[in-house]
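Student: Could you take me closely through a single part of this model, the interface between the two chains, and state the criteria behind each term as you go?

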Amino acid sequence: MDDIDRQIINRLQGGFPVSERPYREAAAWFGLDEAELIRRLRRLLDDGYLSRFGPMYHAEKLGGGLSLCAMAVPEEKFEQVAGQVNAFPEVAHNYARDHQLNMWFVLATETPERIDEVVEEIERTTGYRVYNMPKQKEFYVGLRFQV
Amino acid sequence: MVLSERDNRLIAAIQSGLPLSPRPWAEVGERIGMDEEEVIRRVRALQESGCIKRFGLVVRHHELGYNANAMVVWDVPDERVDAVGDALGRQRCVTLCYRRPRRLPHWPYNLFCMIHGKDRQRVLDYIDQITEELDLQEIPKEVLFSGRRFKQRGARYR
């Protein structure tokens, strides 16, 4: 990764033109031509530095439900419960964290009402309480990952 | 914004990424039976209404050397939570900041932020620094580092 790659990563996390020739427009920010920017983006994706190049959607505005949930699961049951939880297609990601509430996952559902149903289904399947903590407010975050 | 069936088709078509070609919107349009002008107009409307929060590249933070990620949770008095949330959001390395409901008695925290860093010690130093700079010493907090990641597919739409 060179200096221009780093500039690309830092700048293009913040936005991208929506126009007929967006790569040509953005390439000029880095003193590149269109083909060179496309080549570099493809390489950064292929090398695994980027997960994707596209939109970040606002789940609720698209009519869906989104929530952060946590559970307290005994260590010896953790793998088994993680398997049960991850089997739900609504579980978008799931992290272990070092706390009494040690399993943290995000639910993304097609409708807001579906969140409560999935929470209940997970409680019933696993036998453990689910702490459902949907966001009440999102604060603006200025800088992204700087490289 | 009321989403039409055409908007939904577009939302699904670009969710995994924009084509890396000189006329990406024309290419998207070809796949879903719209011309370039309509695609661009609909994407702009989705941005203006906030359905698309931002458009750009999404990094894999582990691959960029951000190996430690902490969820820092704070129990902020309700009348201060918006001001503290705004201030935290402006800090470098804070990548997300949300207000969420407390779940008493087990969970007293109402403000959540994610802090990423190259290693745990650096993240902890950074938390000390922002605690001091923003005068948050009196606010109870906990730092939850992530361990294993069991699933990561991101949300899917449509």
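Tutor: Two strands are taken to pair if DSSP finds at least two bridges between them, and the strands themselves (E, at least two residues), like the helices (H or I, at least four residues), are DSSP runs numbered from the N terminus. With that criterion, A:Y57 stands opposite B:I52 in β1(B), a position within the antiparallel pairing in which seven bridges join strand β1 (residues 50-57) of chain A to strand β1 (residues 52-59) of chain B. This is a predicted model, in which local features need pLDDT of at least 70 and side-chain atom pairs count only at pLDDT 80 or more, while totals for chains, interfaces and linings use all residues. Residues are numbered from 1 along each chain as its sequence is written, chains are lettered from A and ligands numbered from 1 in the order in which they are written, and side-chain values use heavy atoms, with hydrogens and water left out.

A second pairing across the chains is antiparallel as well, with two bridges between strand β6 (residues 137-138) of chain A and strand β3 (residues 94-99) of chain B; here A:E138 stands opposite B:Y98. The side chain of A:E138 also meets that of B:K53 in a salt bridge, at 3.6 Å from N to O, where a salt bridge is a side-chain nitrogen of Lys or Arg within 4 Å of a carboxyl oxygen of Asp or Glu. The rule finds three salt bridges across the interface of chain B and chain A, and 27 residue pairs between these chains are in polar contact, both residues being at pLDDT 80 or more. A polar contact is a pair of N or O atoms within 3.5 Å; within protein, one must be able to donate a hydrogen and the other to accept it, and residues adjacent in sequence count only if both atoms are side-chain atoms.

On the side of chain B that touches chain A, strand β5 (residues 141-152) of chain B gives the most, with 11 residues. By class, that side has 38 nonpolar, 19 polar and 21 charged residues, with Ala, Val, Leu, Ile, Met, Phe, Trp, Tyr, Cys and Pro counted as nonpolar, Asp, Glu, Lys and Arg as charged, and the others, Gly among them, as polar. Taking contact to mean heavy atoms within 4.5 Å, 78 residues of chain B are in contact with 72 residues of chain A. The two chains bury about 7,200 Å² between them, 59% of it on carbon and sulfur atoms, buried area being the accessible area (1.4 Å probe) that two parts lose on being put together, summed over both.

Strand β3 of chain B, which takes part in the second pairing with chain A, is also joined within its own chain by five bridges to strand β4 (residues 111-117), and these two run antiparallel; in this pairing B:L96 stands opposite B:M114. Two backbone features lie in the loops on either side of that strand. In the loop between α4 (81-89) and β3 of chain B, B:C93 has a positive phi of about 80° although it is not a glycine. In the loop between β3 and β4 of chain B lies B:P105, which a cis peptide bond joins to B:L104, with omega about 5°. For context, most residues other than glycine have a negative phi, and most peptide bonds are trans.
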